[in-house]
Amino acid sequence: MATPDSPAIRLARIEFAYGDGVPVVDIAELEVARGERLFVEGPSGSGKSTLLCLVAGILTPTAGTVDVLGEAVSALGAAARDRFRAEKIGFVFQMFNLLPYLSLVDNVVLPCHFSRARAAVALQNSATLRDEAVRLLERLGLGASALGGRRVTELSIGQQQRVAVARALIGRPPLVMADEPTSAMDSTARFAFVELLLEECAIAGSTVVFVSHDPSLAASFERSVSMTEINAAPTEGAVDAV
């Protein structure tokens, strides 16, 4: 039974292997407190993306348990994991996973079509879902010139990253996970962007797990961990994008 003091994330004796291969993630224990801002650093191939996918229920562990926001995610079926993720998790994918046939605003609003709870929260902040999407996009540096019905394929990689983050933030989910969201930005923009992301998550009270190969970003977070320290699996087999 979850309590206000229980962690947002608890991993216990987690192992994961692709197919019949050797484990690419082997973590004895990892806990993230509710409302905590955690930075996970590691080189390419260290299992960062795989770790996020295990927490989000996109992947299920070969062994061990994954508890998220009081739910035993690793014990849920595929459909239940999808519903839980839509309701509770804002996920910024490394490859963005934006829909090219939708406008920027429609991409941002998309999670609200799968979660009534997130739609209701978004409508507490703005008069319409579109208004809330525009607010987030402008907050993240995409002004009116980028909003006029444009499709994501017309944007730069850095602009697409901002759209992906706005989509993750809409409806203020209790857990936000970001997979290398600043990789296409220069150093000045990177730090400003992280501060904006954390500011929005602080307003929402969201727990944040942010992974990156750039250790200089760690200072913006309450706590940092290194994948090379917590992951006992050999890094050669790890996959950094799923």
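Tutor: A helix here is a DSSP run of H or I, at least four residues long, and helices are numbered from the N terminus. The model is predicted. Just after helix α5, Gly 141 takes a positive phi of about 100°.

Student: Which residues of α5 are called buried, and what makes them so?

Tutor: Buried means under 20% relative accessible area. In α5, residues 129-139, the buried ones are Leu 129, Glu 132, Ala 133, Val 134, Leu 136 and Leu 137. They pack against α3 (104-114), α4 (116-125), α6 (157-169) and α7 (187-204).

Student: Why is the pair α5 and α7 called oblique?

Tutor: Take the angle. The two axes cross at roughly 140° and come within 11 Å. Roughly antiparallel needs over 145 degrees, roughly perpendicular needs 65 to 115, and roughly parallel needs under 35. The value of roughly 140° fits none of these, so α5 and α7 are oblique to each other.

Student: Which residues meet there, and what makes a residue of this contact charged or nonpolar?

Tutor: Arg 135, Leu 136 and Arg 139 of α5 meet Leu 196, Glu 199 and Glu 200 of α7. Arg and Glu count as charged, while Leu counts as nonpolar. The residues of this contact therefore divide into 4 charged, 2 nonpolar and no polar.

Student: What makes a set of residues a nonpolar core?

Tutor: The members must be buried, of a listed type such as Val, Leu, Ile or Phe, and joined through side-chain atoms within 4.5 Å. The largest nonpolar core has 40 residues, and Leu 137, Val 163, Ile 170 and Phe 210 touch the most other members. At least two residues each come from α3, α4, α5, α6, β7 (175-179), α7 and β8 (207-212). Helix α6 gives the largest share of this core, 6 residues. A second, separate core has 33 residues, among them Ile 14, Leu 38, Cys 53 and Val 209.

Student: Why does Ile 58 count as partly exposed?

Tutor: Its relative accessibility is 29%. Buried is under 20% and exposed is over 50%. Ile 58 falls in between, so it counts as partly exposed. Ile 58 sits in the loop between α1 (48-56) and β4 (63-68).

Student: Which residues touch Ile 58, and what counts as contact?

Tutor: Contact means heavy atoms within 4.5 Å. Setting aside neighbours within four places in sequence, Ile 58 is in contact with Cys 53, Arg 85, Phe 91 and Phe 93.

Student: How do you know that β1 and β4 pair?

Tutor: Pairing takes at least two bridges. Strands β1 (residues 9-16) and β4 are joined by 5 bridges, so they pair. They run antiparallel. One bridge partner in β4 is Val 68, set against Ile 9. The open sheet has the order β2-β1-β4-β5.

Student: What makes β2 and β5 edge strands?

Tutor: Strands β2 (25-32) and β5 (71-72) each pair on one side only.

Student: How do you know that β3 pairs with β9, and where does that pair belong?

Tutor: The test is again at least two bridges. Strand β3 (residues 37-41) has 4 bridges to β9, so the two pair, and they run parallel. Leu 38 stands opposite Arg 223 in β9. Both belong to an open sheet of 5 strands, ordered β6-β7-β8-β3-β9. Its edges are β6 (89-92) and β9 (223-226).

Student: Which helix packs on that sheet, and what is its direction called relative to β6?

Tutor: Helix α6 touches β6 and β7, and its direction makes about 170° with that of β6. Angles over 145 degrees count as roughly antiparallel, so α6 and β6 are roughly antiparallel.

Note on methods: Residues numbered from 1 in each chain as written. Predicted model: local features only at pLDDT ≥ 70, side-chain atom pairs only at ≥ 80, totals over all residues. Heavy atoms only, no water. Buried < 20%, exposed > 50% of the residue type's maximum accessible area, 1.4 Å probe, protein only. Axes fitted to C-alpha atoms, helices over the stretch in contact; angles between N-to-C directions.
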